[in-house]
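User: I am new to reading protein models. Can we go through this one step by step?

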Amino acid sequence: MKWFIALLFTAPAALAEICPPVADRSDELAGIYAELARSQSEAEAQPLNAQLWEIWTNAPDARAQDLLDEGMQRRAGFDFLGARDVLDELVEYCPDYAEGYNQRAFASYLRQDFAAALVDLDRTLEINPRHIGALSGKALTLMGLGRQDDAQVALREALALNPWLGERALLIDLPGEDI
């Protein structure tokens, strides 16, 4: 009987710790990607890219948003380990929220922990295969690991979605390929 009473008191707390599903904004995203494909300049693509980031950084609930915001603030303040700690909590709480992994990857990348960044970028892309930031981040991370050919593949995937990324300057000819 004691275990039943304990369960009654702990169940509401456990239920409160469940991250809600990420909102399905696939139609909105598809429209933005289509506009990016039609954009004629970097200036035209920039507000579309900003719209993507607004969607990606819109967390599933207030707790997740607070964790994401704190993690990003710590990263911006060069507290990369603190950012990772907060973002660890976010991905534990919301394991299906791609941006938690992407931001944790960014903190790892800035620490030059490319192996950890790559793991998180791959998880981001499992959840959201068209995440341009994760694709370009993966390209930069692979470059950091000295994996130039793999980096160019990831960079080309990002540029297929947004040809106006600043990282386009890092595109090189691969053997046997015409650009």
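User: In which hand does α2 cross α3, left or right?
Analyst: This is a predicted model. In it, α2 covers residues 26–38. Where α2 passes α3, the crossing is left-handed.

User: How are α2 and α3 oriented to each other, roughly parallel or roughly antiparallel?
Analyst: The axes of α2 and α3 lie 9 Å apart and meet at an angle of about 160 degrees. Angles over 145 degrees count as roughly antiparallel. That makes α2 and α3 roughly antiparallel.

User: Which residues of α3 meet α2?
Analyst: Start on the α2 side. E28, L29, I32, Y33, E35, L36 and R38 make the contact there. Their partners in α3 are E44, A45, L48, Q51, L52, I55 and W56.

User: Why might contact residues in a helix be spaced three or four places apart?
Analyst: Think about the turn of the helix. An α-helix has 3.6 residues a turn, so residues at that spacing point the same way. The number to remember is 3.6 residues a turn.

User: Is I55 buried or exposed?
Analyst: I55 sits in helix α3. Its relative accessibility is 9%. Buried means under 20%. I55 therefore counts as buried.

User: What does I55 contact, leaving aside neighbours within four places in sequence?
Analyst: One partner is E28, 27 residues away along the chain. The C-alpha atoms of I55 and E28 are separated by 9.1 Å. The full set of contacts is R25, E28, L29 and I32.

User: Let's step back. How many helices and strands does the chain have?
Analyst: Read the elements from the N terminus on. They run α-α-α-α-α-α-α-α-α. The count is nine helices and zero strands.

User: What share of the residues counts as buried?
Analyst: The chain has 179 residues. It exposes about 10,000 Å², and carbon and sulfur atoms supply 57% of that area. The buried share of the residues is 39%.

User: Among contacts between residues at least 6 apart in sequence, what percentage joins residues at least 24 apart?
Analyst: Two separations matter here. The pool holds contacts between residues at least 6 apart. Those joining residues at least 24 apart make up 52%.

User: Now α6. How far does α6 reach from its first C-alpha to its last?
Analyst: α6 spans residues 98–110, which is 13 residues. At 1.5 Å a residue, 18 Å is expected. The model comes close to that, with 19 Å.

User: How many residues of α6 are buried?
Analyst: Among them are Y101, N102 and Q103. α6 is largely enclosed by the rest of the structure. The buried count is 10 of the 13.

User: Which helices help cover the buried residues of α6?
Analyst: Look for the helices that pack around α6. The cover includes parts of the chain on both sides of it in sequence. The helices named are α3, α4, α5, α7 and α8.

User: Which residues does N102 touch, not counting residues up to four places away in sequence?
Analyst: N102 lies in α6. It is buried, with a relative accessible area of 6%. Its contacts are W53, L121, T124, H131, G133 and A134.

User: How are α5 and α6 oriented, roughly parallel or roughly antiparallel?
Analyst: Their axes are 9 Å apart, at an angle of about 160 degrees. The contact on the α5 side includes F80, A83 and L87, and on the α6 side it includes G100, Y101 and R104. α5 and α6 are therefore roughly antiparallel.

User: Which residues of α5 are buried?
Analyst: α5 has 14 residues and reaches 20 Å from end to end, close to the 20 Å expected. The buried residues are F80, G82, A83, R84, V86, L87, L90, V91 and Y93.

User: Where is F78, and is F78 buried or exposed?
Analyst: F78 lies in the loop between α4 and α5. Its phi is positive, near 65 degrees, though F78 is not glycine. At 66% relative accessibility, F78 counts as exposed.

User: What is the phi of Q112?
Analyst: Q112 is in the loop between α6 and α7. At 60% relative accessibility, Q112 counts as exposed. Q112 is not a glycine, yet its phi is positive, at about 65 degrees.

Conventions
Residues are numbered from 1 along each chain as its sequence is written. This is a predicted model: local features need pLDDT of at least 70, side-chain atom pairs count only at pLDDT 80 or more; totals for chains, interfaces and linings use all residues. Side-chain values use heavy atoms; hydrogens and water are left out. Helices (H or I, at least four residues) and strands (E, at least two) are DSSP runs, numbered from the N terminus. Buried means under 20% relative accessible area, exposed over 50%, partly exposed in between (1.4 Å probe, protein chains only). Contact means heavy atoms within 4.5 Å. Accessible areas come from the Shrake-Rupley method with a 1.4 Å probe; for residues, only the protein chains shown count as cover. The expected span of a helix is 1.5 Å times one less than its number of residues. Axes are lines fitted to C-alpha atoms, for helices over the stretch in contact, and angles run from 0 to 180 degrees between N-to-C directions. Angles under 35 degrees count as roughly parallel, over 145 as roughly antiparallel, 65 to 115 as roughly perpendicular and the rest as oblique. A crossing is left-handed if the near helix is turned anticlockwise from the far one by less than a right angle, and right-handed if clockwise.
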